[in-house]
Amino acid sequence: MTNPILSSWTTPFEIAPFAEISDDDFTPALDQAMTAHNDQIAAIAENSDAPTFGNTIEALEAAGEQLDKVLSVFFTVAGADSNPRREELQREFSPKLSAHFSGISSNKALFKRVADLWARRDDLNLTEEQARVLMLTHRGFVRAGAALAGEDDTRMQEIKSRLASLGTSFTQNLLADERDWFMDLTEEDLQGLPDFVLDAARAAGLEKEAQGPVVTLSRSLIVPFLQFSPRRDLREKAYRAWAARGANGGDTDNRDIAAEILGLREQRAKLLGYDSFADYKLETEMARTPDRVRELLMQVWEPAKSRADADAEILTQMMQEDGINGPLEAWDWRYYAEKRRKAEHDLDEAALKPYLQLDRMIEASFACANRLFGLEFAPLDVPLYHPDCRAWEVTRGGQHIAVFIGDYFARGSKRSGAWCSAMRAQAKFPKDQAPVVINVCNFAKGDPALLSYDDARTLFHEFGHALHQMLSNVTYESISGTSVARDFVELPSQLYEHWLEVPEVLAEFATHAETGEPMPQEMLQKVLKAANFDQGFQTVEYVASALVDLAFHDGDAPADPMAKQAEVLADLGMPHAIGMRHATPHFAHVFAGDGYSSGYYSYMWSEVMDADAFAAFEEVGGAFDTERAKALEDNILSTGGSREAEDLYLAFRGRLPGVDALLKGRGLIAA
Ligand SMILES: [Zn+2]
């Protein structure tokens, strides 16, 4: 019998036949698919014909279709509906897959053909998109070290393998520090804590087998504890432990690891011919250079710091009214900010929720896509991997565009967070391929299911990513949909969140679950205002971390990262009562792997763009201006990575983004 994952799928729109696939099918399917892919790669690399775009680049694009199928099915269920067997498979597949892909990127014969094409690129008569795919393929090989030979090649392999193991140690040390520390709370220590914090503290106590409730270093428990506990002594103790993660001395200390990682990254960049690791890392990003990143962050820093300084004065005064003298400390900020929030704009979550029904918010996200891009959504009855999944056929003018799947509810088998992935990406080569796109969220079930305002934003955010996949209209899969620079990929998603805040959208779709009444204006205003609260603090703690990350990788690697961190913060005039969002010994974004190293700025970079891009609508015909919508689709949502991100943005906006819209959006300058 053929493996159901590898057989041809005869389901509607060739959606994976989840019902026929068992967990025992994954390992044989993966092995067979990797072997097939290796054979295809070998045939390309050893082809005796001279390299052409068709027999090399297009052949690479077309190769691996079986592997795509296996991985799309496996990663869908491993993320959204796991079980012990699937977890075990994930541990088994991860090293296999990294060996498989690094085998391809270090294949010298293959690289030789790609390099030959690259050298002759001007004589190949390529379309703009083909030239782009050739450039990206060549650059990918070079950046992985394929052009190195002899000692340099050996050294590169050593560096990569050492970096991989240092990244793992960094993560494990951090987990150990987070696991080992907890603080017992007596009945008396619980005063002032709201029910949800008490529940979380009791659950944590059971998990730690403690006598009663405890505070742990998990962000979801310690942050609300710092917000709500009136006990300054306990807040200080908890905050100090939280800030010391990865810097407690002994076996789990991450400071030397951070220094070694930074040194090796610098060597790696220099072997590849770059001045610094930041130059290497930013080459593929929209920002391109460390100077441009610093310039953007500093434009945000100054107004954020002024706001934070002004807020600190107000909070200090509130603290003095409590009879505490001396400076406001880092363990005081969240507590007094929460008191202030309650006094200034108390928003009753319980009263808000009935206005945010999941089904109506889904309708709202579809209705906006209809007004902006003419998309229509019809429910589709197909068996998927879990009964909670829902599917829609997406069409425009009667033409099939995509299948959209929504898997909205939290359950034990789903990892936390929310994400969007293409179970099949859009492409026209080697044949037309319409996308199948899924949004996975973790909303609480209910009848009807009700969302918090944050949940509703998440729904719009993930749907923005889905539009980027569904409206993709390129030839080659490697550049389709969300295959764009990291500092550009959040633009469509963050931008789409703005439509939730359009008053006419909330007025139509935020209707009360029982009475059907629209949300009262006063509540609507409170919701929008609450989103801006304490942005001085939030922006300062984030930008400080982003600037330290950049300083670590721009120029020579610091021998003592902690000294470098202190120097950067001193130069910035970091407010006394605000810590970095992530300090070096626990800055996993930067040290657990390469993903966000000299890239932590990218959240802010995207936010600058989304604020500026939405302002483009408001400046003309409003949120539903059809010309702007068309420009957005033509230049950003349909184009994937077919051109440089900066060119795409320029084509949409006519100029590069400025920070004003972001500063207004965060309430850091007057609107
Ligand atoms: Zn996102």
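The exchange below walks through a predicted model, from its zinc site to its helix contacts, cores and unusual backbone geometry.

Biologist: Which residues are the protein donors of the zinc ion, and what spacing do the donors follow along the chain?

Modeller: In this predicted model, the zinc ion has two histidine NE2 donors, from His461 and His465, together with an OE donor from Glu490, lying 2.1 Å from the ion. Read along the chain, these donors follow the spacing H-x3-H-x24-E.

Biologist: Where do His465 and Glu490 lie, and how many residues apart are they?

Modeller: His465 belongs to helix α17, which covers residues 453-470, while Glu490 sits in the loop between α18 (486-489) and α19 (491-500). The pair thus links distant parts of the chain, with a separation of 25 residues.

Biologist: Is His465 buried or exposed?

Modeller: The relative accessible area of His465 is 8%. Buried means under 20%, and therefore His465 counts as buried.

Biologist: How are α16 and α19 oriented to each other, parallel or perpendicular?

Modeller: Helix α16, residues 358-373, packs against α19 with the axes 10 Å apart and at an angle of about 105°. Because angles of 65 to 115 degrees count as roughly perpendicular, α16 is placed, relative to α19, as roughly perpendicular.

Biologist: Which residues of α16 and α19 meet, and how do the residues of the contact divide by class?

Modeller: From α16 come Met361, Ser365, Cys368, Ala369 and Leu372, and these meet Tyr496, Trp499 and Leu500 of α19. By class, the residues of this contact are seven nonpolar, one polar and no charged.

Biologist: Which residues have the most contacts inside the largest nonpolar core, and what is Phe463 in contact with beyond its neighbours within four places in sequence?

Modeller: The largest nonpolar core has 136 residues, and those with the most contacts inside it are Trp333, Phe463, Phe488 and Trp499. Apart from that core lies another, of 35 residues, which includes Phe18, Ala80, Leu89 and Val382. Once neighbours within four places in sequence are left aside, the contacts of Phe463 are Ser365, Phe366, Ala369, Phe377, Phe404, Asn439, Met470 and Tyr496.

Biologist: At what angle do α13 and α14 cross, and how many residues of each class does their contact have?

Modeller: Helix α13 (residues 290-321) and helix α14 (residues 330-345) have axes that come within 10 Å and cross at roughly 85°, so the two are roughly perpendicular to each other. Residues making the contact include Asp311, Leu315 and Met318 of α13, and Trp333, Tyr336 and Arg340 of α14. Sorted by class, the contact of α13 with α14 has nine nonpolar, no polar and four charged residues.

Biologist: Which residues are joined by cis peptide bonds, and what are the omega values?

Modeller: Pro430, in the loop between β6 (419-424) and β7 (436-443), follows a cis bond from Phe429 with omega near -5°. Pro448 lies in the loop between β7 and α17, and the cis bond joining Asp447 and Pro448 has an omega of about 0°.

Biologist: What is phi of Glu14 and of Asn125, and is Asn125 buried or exposed?

Modeller: Glu14, in the segment before α1 (26-45), has a positive phi near 50° although it is a residue other than glycine, and with a relative accessible area of 42% Glu14 is partly exposed. Asn125, also a residue other than glycine, has phi near 60° and is placed in the loop between α5 (108-119) and α6 (128-144). The relative accessible area of Asn125 is 75%, and Asn125 is therefore exposed.

Definitions and conventions
Residues numbered from 1 in each chain as written. Predicted model: local features only at pLDDT ≥ 70, side-chain atom pairs only at ≥ 80, totals over all residues. Heavy atoms only, no water. Donors = N, O, S within 2.8 Å, 3.2 Å for Na, K, Ca; no water. Helix = DSSP H or I, 4+ residues; strand = E, 2+ residues; numbered from the N terminus. Buried < 20%, exposed > 50% of the residue type's maximum accessible area, 1.4 Å probe, protein only. Axes fitted to C-alpha atoms, helices over the stretch in contact; angles between N-to-C directions. Parallel < 35°, antiparallel > 145°, perpendicular 65-115°, else oblique. Contact = heavy atoms within 4.5 Å. Nonpolar A, V, L, I, M, F, W, Y, C, P; charged D, E, K, R; others polar. Core = buried A, V, L, I, M, F, W, Y, C linked by side-chain atoms within 4.5 Å.
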